[in-house]
Amino acid sequence: MGIDAMSLYRLGHKLHRRGVPVLPAVLRKAIHFLHGSYLPPEAEIGEGTQLGYGGMGIVIHKDAKIGRHCLISHQVTVGGRSGLKDLPVIGDYVRIGAGAKILGNVRIGDFAIIGANAVVVKDVAPGTVVGGIPAREIRKDPDPLATYEREMGLRPPMARRNEVVTPIPPASSVTR
């Protein structure tokens with residue numbers, strides 16, 4: 001097993017947070033050379049997040065925020081749009097399909113699923129499946145936690161003691 005882009009990013013991010021001047025930039029260039037990806041050490045990517053195919057062709061803006069335990073497929077772009085200052089914020093347990101683009105000031109809710117080649121320019125509610133160009137809601141899952149467990153084959157790890165967990169609304173409160 002070789003070194004994937006996420007391992008190099010994690011090392012560069014730790015060094016960047018500690019104020020090491022040159023080595024994070026060297027690691028960013030190594031990621032670009034080895035995987036064809038742009039994963040700057042300044043970006044906030046949560047623990048447990050995985051990159052498909054070792055991180056091939058993924059571009060993430062340095063100011064974007066990605067939650068914990070996300071699955072990002074190859075050729076995904078998370079970045080800004082011209083004329084807009086804010087950048088995407090992606091929640092926890094989000095799955096992003098191959099070639100998807102998440103652009104501009106958008107919020108992706110927890111347990112959302114972004115389809116392959118979708119172009120997301122508007123907010124996505126938690127537990128929603130979106131697809132298309134521009135991305136539109138395909139379905140809203142009444143129990144995204146159960147769906148995640150069924151499709152991924154595992155229960156999401158529990159939050160740390162001092163973290164605040166946003167509860168998932170019960171199935172009866174979700175309207176279709």
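Accessible areas here come from the Shrake-Rupley method with a 1.4 Å probe. By that method, the protein exposes about 10,200 Å². Carbon and sulfur atoms supply 56% of that area.

**Whole chain**

Start with everything shown. This is a predicted model. Colour by confidence. The mean pLDDT of the protein is 85, and 88% of the residues reach 70 or more. Select residues 119-120 for strand β12, where confidence is highest, at 95. Then select residues 144-152. This is helix α3, where confidence is lowest, at a mean of 79.

Switch to a cartoon view. The protein has three helices and 14 strands. Of its 176 residues, 40% count as buried. Take the contacts between residues at least 6 apart in sequence: 27% of them join residues at least 24 apart.

**The nonpolar core**

In soluble globular proteins, nonpolar side chains tend to be buried together. The largest nonpolar core of this model holds 32 residues. Select Leu-39, Ile-60, Ile-90, Ile-96, Ile-102, Ile-108 and Ile-114, which touch the most other members. Now add the helices α1 (5-17) and α2 (23-35), each of which supplies at least two residues of this core. Helix α1 gives the largest share, five residues.

Stay with one of the core residues. Which residues does Ile-114 contact, leaving aside its neighbours within four places in sequence? Show side chains around Ile-114 and find Arg-95, Ile-96, Gly-97, Ala-100, Ile-102, Ile-108, Val-120, Val-124 and Val-130. Among these contacts, Ile-96, Ile-102 and Ile-108 also appear in the list of core residues that touch the most other members.

**Helix α1: His-13**

Go to His-13, in helix α1. Is His-13 buried or exposed? His-13 is buried, because its relative accessible area is 15% and the cut-off for buried is under 20%. Select Pro-41 and Ala-43 next. Both are in contact with His-13, with neighbours within four places in sequence left out.

**Helix α2: a nonpolar patch**

Turn on the surface. Select Val-20, Val-22, Leu-23 and Val-26, which make a nonpolar surface patch of about 310 Å². Zoom in on Val-26, in helix α2. Val-26 has a relative accessible area of 44%, so this residue counts as partly exposed. The partly exposed class lies between the limits of 20% and 50%.

**A loop stop: Gly-48**

Move to the loop between β1 (44-45) and β2 (50-51), where Gly-48 sits. Gly-48 is partly exposed, because its relative accessible area is 37%. Which residues touch Gly-48, once neighbours within four places in sequence are set aside? Select Arg-10, His-69 and Cys-70 to see these contacts. Then draw a distance from Gly-48 to Gly-67. Their C-alpha atoms are separated by 9.0 Å, and the two residues are 19 residues apart along the chain.

**Strand β13: Val-129**

Finish at residues 128-131. This is strand β13, which contains Val-129. Val-129 counts as buried, because its relative accessibility is 13%. Select Ile-113, Arg-136, Glu-137, Ile-138 and Arg-139, which Val-129 touches. Residues up to four places away in sequence are not counted in that list.

One last distance: how far is Val-129 from Arg-95, C-alpha to C-alpha? The separation is 9.5 Å, and the two residues are 34 residues apart along the chain. Arg-95 has come up before on this tour, as one of the contacts of Ile-114.

How values were computed: Residues are numbered from 1 along each chain as its sequence is written. This is a predicted model: local features need pLDDT of at least 70, side-chain atom pairs count only at pLDDT 80 or more; totals for chains, interfaces and linings use all residues. Side-chain values use heavy atoms; hydrogens and water are left out. pLDDT is the predictor's confidence in each residue, from 0 to 100. Helices (H or I, at least four residues) and strands (E, at least two) are DSSP runs, numbered from the N terminus. A nonpolar core is a set of buried Ala, Val, Leu, Ile, Met, Phe, Trp, Tyr and Cys residues joined through side-chain atoms within 4.5 Å. Buried means under 20% relative accessible area, exposed over 50%, partly exposed in between (1.4 Å probe, protein chains only). Contact means heavy atoms within 4.5 Å. Patches are made of residues with over 30% relative accessible area and no salt bridge: like charges are joined within 9 Å, nonpolar side chains (Val, Leu, Ile, Met, Phe, Trp, Tyr) within 5 Å. A salt bridge is a side-chain nitrogen of Lys or Arg within 4 Å of a carboxyl oxygen of Asp or Glu.
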